[in-house]
Amino acid sequence: MFGQPGRPSCDHRRVSEGDDVGSAPTSEPPADSFEYTKAPESTVAKTVVGVLITIVVIAALVIGGFVLSIYDRLGGVAFEPTDHTVRSARMKADQMARGDLEIIVKELAPTLGTPTKRALLDVCHDAHMAWSWNNDITCTRSFYLYYPIAGDAPTASSLTETLTTAASQFHHVLACSSIGVQRDCEATGGAIVLHEATVATEKDPFYEYEGSLVEMDGYRELVFAAAKGHYVVVLFTVQYFLG
Amino acid sequence: MTGPRRRYFWGAVGLLVLVVVVAIVVATVVAQKHNPLGSAAKSARTQVDRAMVAALDDVARQLSLGAPIGSGVDDTCRATRPASLDDSITCDRMRYGVYALSANVDAHSLAGQLPPPWRLDGSFCDADLKLDTVCLAGTDLALELAVEPGSKYAHQPVIFSRPKVAETHVEYPEYYNIRVTGPSIVVMVSSTYYVG
């Protein structure tokens with residue numbers, strides 16, 4: 001159906017068996033040697049072209065940097081509380097914080113005994129104000145230790161001293177230890193808050209979170225118990241994600 | 001390409017296609033399993049909802065609550081273990097009815113009128129600080145009765161302001177349409193119907 005394409009004509013002589021292939025070439029090189037006739041560019045032109053190229057490269061870098069800085073100011077990659085990245089940070093923070101939490105429990109044991117209730121609250125919310133275009137989120141993991149007080153409550157100063165001792169034994173530097181973006185580290189990190197109450201209340205004394213709840217374990221039970229008053233609650237919060 | 005080589009080539013291509021197809025099928029099945037709107041979760045949801053409707057009607061009849069002034073469903077799915085890389089989800093469904101109360105009754109006396117399988121649940125239930133609340137357990141469902149004192153002004157029932165973990169809202173609550181001006185009782189049946 002389809003014929004073979006025509007072969008181009010060869011410019012060498014046909015070689016057949018018995019020919020002296022290694023003999024001297026039969027064709028001669030052209031008599032005129034190749035000569036570059038165009039004049040070289042002037043030094044000024046070369047310099048101008050070089051400067052132009054440099055300007056273009058610098059401009060591209062500046063524009064690229066500007067665009068990147070705007071992207072960064074808007075928060076860069078948009079994270080969700082259930083993203084793989086955020087979950088990884090949460091998992092790492094949970095392991096670290098639980099170790100430190102046990103140090104707090106151990107240090108408080110002589111004064112308060114063992115906590116009768118424990119709770120966990122994990123919350124993510126916008127890192128900036130609602131009107132901001134920045135899409136950064138920040139996530140915190142809070143551990144609550146509930147100690148009912150039967151008799152006289154220990155003084156806040158003695159508890160604070162105990163908690164300071166406990167914090168000095170923490171295995172990890174909580175501030176920024178697992179935060180994806182390293183900026184604003186000074187303003188973030190772990191915190192220990194002491195709540196004490198001797199009177200019953202109808203309000204949730206810890207209801208101060210905002211944003212979306214990611215995990216809640218034993219929280220309402222603890223709040224219900226705390227509403228009756230006469231308790232010490234130690235709240236240990238770790239900020240584990242900002243980005 | 002010679003005969004044996006050709007056979008090896010097409011054999012390798014066939015094997016590769018098979019592996020890709022198997023990988024796609026496995027990924028689809030796993031994704032379906034972890035999807036709140038996947039077939040497994042949907043099937044469990046349909047099943048539990050049927051039981052919930054029947055249970056709610058039965059409780060309202062037993063307590064002679066009359067017609068509800070509001071009703072709705074709240075269905076949410078969340079990550080089972082958010083502090084891990086496990087993608088499994090847990091889905092909770094709540095079906096409720098709000099009924100006006102003419103007499104001054106408390107939740108515990110109402111709960112006492114309910115026959116088995118409803119029994120008082122000794123463990124902590126999702127109680128509200130401001131409400132008269134009692135929790136009961138059934139065969140597969142949980143029941144909560146919450147009496148709200150009400151006010152002369154229209155308001156949303158306090159019970160719905162509870163904090164809740166919700167990754168995905170499968171069905172939104174319809175309590176925005178409820179306007180309660182007097183004492184009322186919220187009857188809620190709930191269940192954790194899917195973990196997968």
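What pLDDT does chain A average, and what share of the residues score at least 70? Chain A averages a pLDDT (the predictor's confidence in each residue, from 0 to 100) of 76, and 70% of the residues score at least 70. One stretch to read with care is residues 175–189 of chain A, where the pLDDT is below 50. Beyond near neighbours in sequence, that stretch has 30 contacts in the model; two residues are in contact if their C-beta atoms, placed from the backbone, lie within 7 Å.

This is a predicted model: local features need pLDDT of at least 70, side-chain atom pairs count only at pLDDT 80 or more, and totals for chains, interfaces and linings use all residues. Residues are numbered from 1 along each chain as its sequence is written, while chains are lettered from A and ligands numbered from 1 in the order in which they are written.

Now to chain B. It has 3 helices and 7 strands, which run α-α-β-β-α-β-β-β-β-β from the N terminus on. Helices (H or I, at least four residues) and strands (E, at least two) are DSSP runs, numbered from the N terminus. Here are some overall values for the chain:

| Property of chain B | Value |
|---|---|
| Radius of gyration, over C-alpha atoms | 24 Å |
| Span of the C-alpha trace along its principal axes | about 95 × 35 × 30 Å |

For comparison, a compact globule of 196 residues would have a radius of gyration near 16 Å, by the rule of 2.2 Å times the number of residues to the power 0.38. Of the 196 residues of chain B, 29% count as buried, meaning that 20 or more other C-beta atoms, placed from the backbone, lie within 10 Å of a residue's own.

The 7 strands of chain B form an open antiparallel sheet in the order E3-E4-E5-E7-E2-E1-E6; two strands pair if DSSP finds at least two bridges between them. At the edges are E3 (119–120) and E6 (168–171) of chain B, each pairing on one side only. Helix H2 (residues 39–62) of chain B packs on the sheet, touching E1, E2, E5 and E7 of chain B.

Finally, the two chains meet: 18 residues of chain A are in contact with 14 residues of chain B. H2(A) gives the most to the side of chain A that touches chain B, with 6 residues.

Conventions. Buried ≥ 20, exposed ≤ 12 C-beta atoms within 10 Å, placed from the backbone. Axes fitted to C-alpha atoms, helices over the stretch in contact; angles between N-to-C directions.
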